[in-house]
Amino acid sequence: MKRLVIIHGPMGVGKSAVCRELLARTERSVYLDGDWCWNMHPFVVNEENKAMVLQNIRFLLRSFLQNSGLQTVIFCWVMQDMSILQSVLEGVSQLAEEVYVFTLTAEPSNLRARLEKDIRAGLRDAGSLDRALAYLPLYANMPTVHLSTDDRSPAAAAEEIAGRIGLE
């Protein structure tokens with residue numbers, strides 16, 4: 001059975017760490033990060049690049065979902081609007097018998113502390129803090145499974161997700 005697990009939320013909420021933990025718990029799986037398709041210099045957000053990135057993400061998701069050796073595809077990305085999520089799923093969701101979407105959230109003060117730590121360590125640019133805090137409320141009403149990372153380690157969040165998708 002093919003399963004697509006999408007984990008999204010604002011920057012700094014722990015998506016990548018949770019996905020790495022989930023990957024370690026999941027046999028015959030792959031972890032893809034939408035940010036990999038945006039890893040360009042200079043980073044330019046325009047209509048041409050947005051269309052290219054979405055096309056590339058859908059191509060990768062389709063390719064991995066069609067791979068007979070894989071059962072689970074784990075994908076994470078910042079998708080602060082349902083239209084982005086729907087666009088990612090366009091032409092992809094029918095390839096999976098099960099599609100799960102989890103929204104990771106955190107209290108603004110916790111998110112701020114995490115991002116400030118990353119900025120001090122040189123892992124993120126200063127603008128990521130404002131963007132993440134601005135995006136956070138946009139996730140509140142999304143019709144997905146919401147999971148707070150405030151008092152959960154990445155391992156605990158991955159364990160909860162694994163249980164919800166029938167892995168444990």
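**Entry 1: Glu116**

I started with Glu116, which counts as partly exposed at 30% relative accessibility. This is a predicted model, so I kept in mind that each value here is computed. Glu116 is found in helix H4. I then looked up its placement relative to Val78: the two are 38 residues apart in sequence, and their C-alpha atoms are 18 Å apart in space.

Which residue does Glu116 pair with in a salt bridge? I found Arg112, with the closest N and O atoms 3.7 Å apart. Both Arg112 and Glu116 sit in helix H4 (residues 108-120), and they are 4 residues apart, about one turn of the helix. Arg112 counts as partly exposed at 37% relative accessibility.

A reminder to myself: side chains of opposite charge can pair when their charged atoms come close.

**Entry 2: the other salt bridges**

How many salt bridges does a search of the whole structure find? I noted 8 salt bridges.

One of them joins the side chains of Glu21 and Arg25, at 3.1 Å from N to O. I checked where these two sit: both are in helix H1 (residues 15-25), 4 residues apart, about one turn of the helix. Glu21 is partly exposed at 29% relative accessibility, and Arg25 is partly exposed with a relative accessible area of 28%.

Next I looked at Arg131 and Asp125, whose side chains meet in a salt bridge of 3.4 Å, N to O. Arg131 is partly exposed, with a relative accessible area of 34%. Asp125 is partly exposed too, and its value is 43%. I also wrote down a network: Arg152, Glu160 and Arg164 are joined by salt bridges that share partners.

**Entry 3: helix H5**

Which residues of helix H5 (residues 127-135) are buried? My list reads Ser128, Leu129 and Ala132. They lie on the same side of H5, because they cover an arc of only 100 degrees around the axis. I then asked what these buried residues pack against, and the partner is H4.

**Entry 4: the chain as a whole**

I stepped back and went through the elements. The chain has 6 helices and 5 strands. Their order from the N terminus is β-α-β-α-β-α-β-α-α-β-α.

Does the radius of gyration agree or disagree with that of a compact globule? It agrees: the chain has 16 Å, and a compact globule of 168 residues would come out near 15 Å. Along the principal axes, the C-alpha atoms fill a box of roughly 45 × 40 × 30 Å.

On burial, I noted that 43% of the 168 residues count as buried. The chain exposes about 8700 Å², and carbon and sulfur atoms supply 51% of that area. I also looked at contacts between residues at least 6 apart in sequence: 76% of them join residues at least 24 apart.

**Entry 5: the nonpolar cores**

In soluble globular proteins, nonpolar side chains tend to be buried together. Here I found that the largest nonpolar core has 28 residues, and that Val5, Ile7, Leu22 and Ile161 have the most contacts inside it. Strand E1 (3-8), H1, strand E3 (72-77), strand E4 (98-105), H4, H5 and helix H6 (154-164) each supply at least two residues of this core. Which element gives the most? That is H6, with 4 residues.

I picked Ile7 for a closer look. Leaving aside its neighbours within four places in sequence, Ile7 is in contact with residues including Lys15, Val18, Cys19, Leu22, Ile74, Phe102, Leu104 and Ile161. Apart from the core of 28 residues lies another core, of 22 residues, among them Ile57, Phe75, Leu89 and Ala96. Phe75 is also one of the contacts of Ile7.

**Entry 6: two backbone details**

Last, I looked at the backbone. The peptide bond from His41 to Pro42 is cis, with omega near 5 degrees. Where is Pro42 placed? I located Pro42 in the loop between strand E2 (29-33) and helix H2 (47-66).

The other detail is Arg28, whose phi is near 50 degrees, a positive value in a residue other than glycine. Arg28 lies in the loop between H1 and E2. Is Arg28 buried or partly exposed? I noted it as partly exposed, with a relative accessible area of 45%.

Conventions. Residues are numbered from 1 along each chain as its sequence is written. This is a predicted model: local features need pLDDT of at least 70, side-chain atom pairs count only at pLDDT 80 or more; totals for chains, interfaces and linings use all residues. Side-chain values use heavy atoms; hydrogens and water are left out. A salt bridge is a side-chain nitrogen of Lys or Arg within 4 Å of a carboxyl oxygen of Asp or Glu. Buried means under 20% relative accessible area, exposed over 50%, partly exposed in between (1.4 Å probe, protein chains only). The arc is that of the directions from the helix axis to the C-beta atoms. Contact means heavy atoms within 4.5 Å. The radius of gyration is taken over C-alpha atoms; the globule rule is 2.2 Å times the number of residues to the power 0.38. Accessible areas come from the Shrake-Rupley method with a 1.4 Å probe; for residues, only the protein chains shown count as cover. A nonpolar core is a set of buried Ala, Val, Leu, Ile, Met, Phe, Trp, Tyr and Cys residues joined through side-chain atoms within 4.5 Å.
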